[in-house]
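Q: Please take me through the terms used to describe this protein, and for each one set the value against the definition that justifies it.

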Amino acid sequence: MADTATTASVAAASAANASSDAPPFQLGKPRFQQTSFYGRFRHFLDIIDPRTLFVTERRLREAVQLLEDYKHGTLRPGVTNEQLWSAQKIKQAILHPDTNEKIFMPFRMSGYIPFGTPIVVGLLLPNQTLASTVFWQWLNQSHNACVNYANRNATKPSPVSKFIQGYLGAVISAVSIATKSSPNSCEVGCPISCPRSLSQILMSSQKQEARHCRPIQMAHQETADLPPSLSCSPAGDGISSANICNVVLMRYGELEEGIDVLDSDGNLVGSSKIAARHALLETALTRVVLPMPILVLPPIVMSMLEKTSLLQARPRLLLPVQSLVCLAAFGLALPLAISLFPQMSEIETSQLEPEIAQATSSRTVVYNKGL
């Protein structure tokens, strides 16, 4: 009956869609193919689109209702594929796929960069004391922890006590790692009082520590082909450790309880701890890859920009320009990193628990990896 109703909805909208460039709408399916990196990249560009932060409650209800009408075959005539895809984009960007509850705006993937920017600015302040460094790192790690938790696999209910335990463990350990691998002094060739660069701040945990000490003064540039930021070595171990620690501790409940796995028709097969391990591993890998563009691109771009007459004449613009370059790099890095794996990942039943393999005839099942 549901299939007949959906077919009727498609038929009702076919005339309006005849001239549309949008692909045929599929309820609950991504607009772009998830088998290729490019398809996943385009899909996650929709998920992190900051314009969805301005969607009103009324517009969200209209989008959800439009999708419900499509599902039940009561779609009004004239609705186009583009309108349906737009409605699904709004729903996926705002509502959690497992609970259908709204994700708090600062913790949505679409709000990760906009709401993280003030924290980055605070981390960028030069000549910080240990107390101010710990404060900004705590705020940064708290934001990252809440983003990790809000975008977890939520097929199993989790008590508040679990969240508090995970939060304290994640933030304390990640802040410790971040501060220990963020020395206030630099290696030979950089002034000890030089402010930490934005690439260093962004690399500190998901935006986490790119150890690029950069003096504001540009005296060394006449005798060096590379920018001063490259004269300080990165602490890659600190970056990876803080990222993985934050993700695993905030989502540790999935390892204990398992996560739901579904067959190709969307039917629940069972709960799997092995799938949970795969989900956390994939998510942790995205957090390790996330800082790489921020580590590589800004030094290259800044090495070229620093030779321009504008920055040569106005060295005070160096820090604001570098901030914009690093934020742009982070805006590129986020969709690139989370596109490594589809959000709904697939795994063969032979790799899961025996009871899962026996409960379905499907060769593979899918699970929500989380973001």
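Q: What makes β3 and β4 a pair of strands in this predicted model?
A: Two strands pair if at least two bridges are found between them. In this predicted model, five bridges join β3, residues 344-348, to β4, residues 364-368, so the condition of at least two bridges is met. The two strands run antiparallel, and Met344 stands opposite Asn368 in β4.

Q: Which residues of β3 lie on the covered face, and which on the uncovered one?
A: Ser345 and Ile347 form the covered face of β3, whereas Met344, Glu346 and Glu348 form the uncovered face. Met344, on the uncovered face, is also the residue that stands opposite Asn368.

Q: How do you know that β1 and β2 pair, and what lies between them?
A: Strand β1, residues 259-262, and strand β2, residues 268-272, are joined in the antiparallel sense over four bridges, and because at least two bridges are required, they count as paired. Ile259 stands opposite Ser272 in β2. The two strands form a hairpin with five residues between them, and in the turn Gly266 has a positive phi of about 85 degrees.

Q: Why are α3 and α4 called oblique to each other?
A: The axes of α3, residues 57-72, and α4, residues 81-94, come within 9 Å and cross at roughly 120 degrees. Angles of 65 to 115 degrees count as roughly perpendicular and those over 145 as roughly antiparallel; the angle of roughly 120 degrees belongs to neither range, and α3 and α4 are therefore oblique to each other. The crossing in which α3 passes α4 is left-handed. On the α3 side the contact residues include Leu60, Ala63, Leu67 and Tyr70, and among those they meet in α4 are Leu84, Ala87, Ile90 and Ile94.

Q: Why does the word oblique also apply to α12 and α14?
A: Helix α12, residues 292-305, and helix α14, residues 318-338, pack at an angle of about 140 degrees, with their axes 9 Å apart. Because an angle must be over 145 degrees to count as roughly antiparallel, the value of about 140 degrees makes α12 oblique to α14. The crossing of these two helices is right-handed. Among the residues making the contact are Ile294, Leu297, Val301 and Leu305 of α12, together with Val321, Val325, Ala329 and Phe330 of α14.

Q: Why does Phe104 count as exposed?
A: Exposed means over 50% relative accessible area, and Phe104, at 56% relative accessibility, therefore counts as exposed. Phe104 lies in the loop between α4 and α5. From Ile94 it is 10 residues away in sequence and 8.3 Å in space, C-alpha to C-alpha.

Q: Why is Asn100 called partly exposed, and what makes its phi worth noting?
A: The relative accessible area of Asn100 is 47%, and because buried means under 20% and exposed over 50%, Asn100 is partly exposed. Its place is in the loop between α4 and α5. Most residues other than glycine have a negative phi. Asn100, although not a glycine, has a positive phi of about 60 degrees.

Q: How many residues does the whole chain have, and what percentage of them is buried?
A: Of the 371 residues in the protein chain, 48% are buried, and the secondary structure comes to 15 helices and four strands. The accessible surface is about 17,900 Å², of which 61% belongs to carbon and sulfur atoms.

Definitions and conventions: Residues are numbered from 1 along each chain as its sequence is written. This is a predicted model: local features need pLDDT of at least 70, side-chain atom pairs count only at pLDDT 80 or more; totals for chains, interfaces and linings use all residues. Side-chain values use heavy atoms; hydrogens and water are left out. Buried means under 20% relative accessible area, exposed over 50%, partly exposed in between (1.4 Å probe, protein chains only). Accessible areas come from the Shrake-Rupley method with a 1.4 Å probe; for residues, only the protein chains shown count as cover. Axes are lines fitted to C-alpha atoms, for helices over the stretch in contact, and angles run from 0 to 180 degrees between N-to-C directions. Angles under 35 degrees count as roughly parallel, over 145 as roughly antiparallel, 65 to 115 as roughly perpendicular and the rest as oblique. A crossing is left-handed if the near helix is turned anticlockwise from the far one by less than a right angle, and right-handed if clockwise. Contact means heavy atoms within 4.5 Å.
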